Amino acid sequence: MTDDGLQATEISSADPLYQAALMLRHELFFAAHGMPASVVQDAVESQSVHMAIADAGELIAYGRLTEVKPQSYQVSQMVVSTQYQSQGYGSRLLYALVCHALRQGAQEVFLNARLTATDLYRKQGFLPQGEAFASPRTGVEHIRMLYSGDTESI
């Protein structure tokens with residue numbers, strides 16, 4: 001893991017990093033499926049918390065946190081720029097998102113993980129729930145994962 005001191009911070013939709021995150025999300029999740037860039041602006045985009053890790057204005061990683069019902073938060077749209085993958089930024093960002101949710105009083109934190117990314121989430125205390133399913137937008141196989149960590153330690 002890179003120990004560069006970079007931390008995840010909350011960003012607003014007016015932040016240039018947010019615009020970079022929109023483009024990266026489209027590029028990594030939707031472009032290969034022929035979907036337009038507007039697909040990232042879904043129904044929960046404006047009510048979500050957006051967090052990023054950046055260095056000198058360059059986006060490294062991005063993630064979104066949404067309270068989907070009282071005390072139930074969903075982590076979604078986590079991306080790490082290709083040149084920064086496998087360096088610990090995804091774990092660092094996920095930790096920040098979970099901590100934020102728990103500080104807000106979350107009783108449940110969950111996500112829908114691509115099957116290829118479940119190891120990252122397991123290492124951070126998420127456990128698979130139920131069966132794999134195809135994403136309704138892309139058809140990519142995902143599985144719901146629920147955070148099982150000790151909320152007292154955050």
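This report walks through the packing, the first helix and a few notable residues of the structure above. Please keep in mind that the model is predicted.

**The main core**

Let's begin inside the protein. The largest nonpolar core contains 30 residues, and V109 and F126 have the most contacts inside it. Six elements each supply at least two residues of this core: β2 (49–55), β3 (58–69), β4 (72–80), α2 (89–103), β5 (108–114) and β7 (141–147). Of these, α2 gives the most, with eight residues.

V109 is a good place to start looking around. Leaving aside neighbours within four places in sequence, V109 touches Y73, V75, V98, A101, L102, F126, M145, L146 and Y147. Another core lies apart from this one; it has 15 residues, including L17, Y18, F29 and M35.

**Aromatic rings**

F126 also belongs to an aromatic cluster, together with Y121 and Y147. The whole structure holds four aromatic pairs. One of them joins Y121 and F126 in an edge-to-face arrangement, with 6.3 Å from centre to centre and 75 degrees between the planes. Why is Y121 classed as buried? Its relative accessible area is 10%, and the class covers values under 20%. F126 is buried as well, with a relative accessible area of 0%.

A charged side chain meets a ring elsewhere: R144 lies over the face of F110, at 4.2 Å from the ring centre.

**Helix α1**

Helix α1 covers residues 16–30, which makes 15 residues. From its first C-alpha to its last it reaches 21 Å, close to the 21 Å expected at 1.5 Å a residue. At the start of the helix, a side-chain oxygen of D15 comes to within 2.7 Å of the backbone nitrogen of L17.

Which residues of α1 are buried? They are L17, Y18, A21, L22, L24, R25, H26, F29 and F30. The buried residues of α1 pack against β1 (9–11), β2, β3, β4 and β5. L17, Y18 and F29 have already appeared above, among the residues of the 15-residue core.

**A buried histidine in β2**

H50 is located in strand β2, and H50 counts as buried at 6% relative accessibility. What does the side chain of H50 meet? It makes a polar contact of 2.5 Å with the side chain of Y62. In addition, a polar atom of the H50 side chain lies 3.4 Å from the backbone oxygen of S48.

Setting aside neighbours within four places in sequence, the residues in contact with H50 are T9, E10, I11, Y18, E45, Y62, G63 and R64. Y18 is one of the buried residues of α1, so this list ties H50 in β2 to that helix.

**Two loop residues with positive phi**

Two residues other than glycine have a positive phi, A56 and Q71. A56 sits in the loop between β2 and β3, while Q71 is in the loop between β3 and β4. A56 is exposed, whereas Q71 is partly exposed.

The table gathers relative accessible areas for residues discussed here.

| Residue | Relative accessible area | Class |
|---|---|---|
| F126 | 0% | buried |
| H50 | 6% | buried |
| Y121 | 10% | buried |
| Q71 | 41% | partly exposed |
| A56 | 83% | exposed |

Notes:
Residues are numbered from 1 along each chain as its sequence is written. This is a predicted model: local features need pLDDT of at least 70, side-chain atom pairs count only at pLDDT 80 or more; totals for chains, interfaces and linings use all residues. Side-chain values use heavy atoms; hydrogens and water are left out. Rings of Phe, Tyr and Trp (its six-membered ring) pair if their centres lie within 6.5 Å; planes under 30 degrees apart count as stacked, over 60 as edge-to-face and the rest as tilted. Buried means under 20% relative accessible area, exposed over 50%, partly exposed in between (1.4 Å probe, protein chains only). A charge sits over a ring if NZ of Lys or CZ of Arg is within 6 Å of the ring centre and within 35 degrees of the ring normal. A nonpolar core is a set of buried Ala, Val, Leu, Ile, Met, Phe, Trp, Tyr and Cys residues joined through side-chain atoms within 4.5 Å. Helices (H or I, at least four residues) and strands (E, at least two) are DSSP runs, numbered from the N terminus. Contact means heavy atoms within 4.5 Å. The expected span of a helix is 1.5 Å times one less than its number of residues. A polar contact is a pair of N or O atoms within 3.5 Å; within protein, one must be able to donate a hydrogen and the other to accept it, and residues adjacent in sequence count only if both atoms are side-chain atoms.
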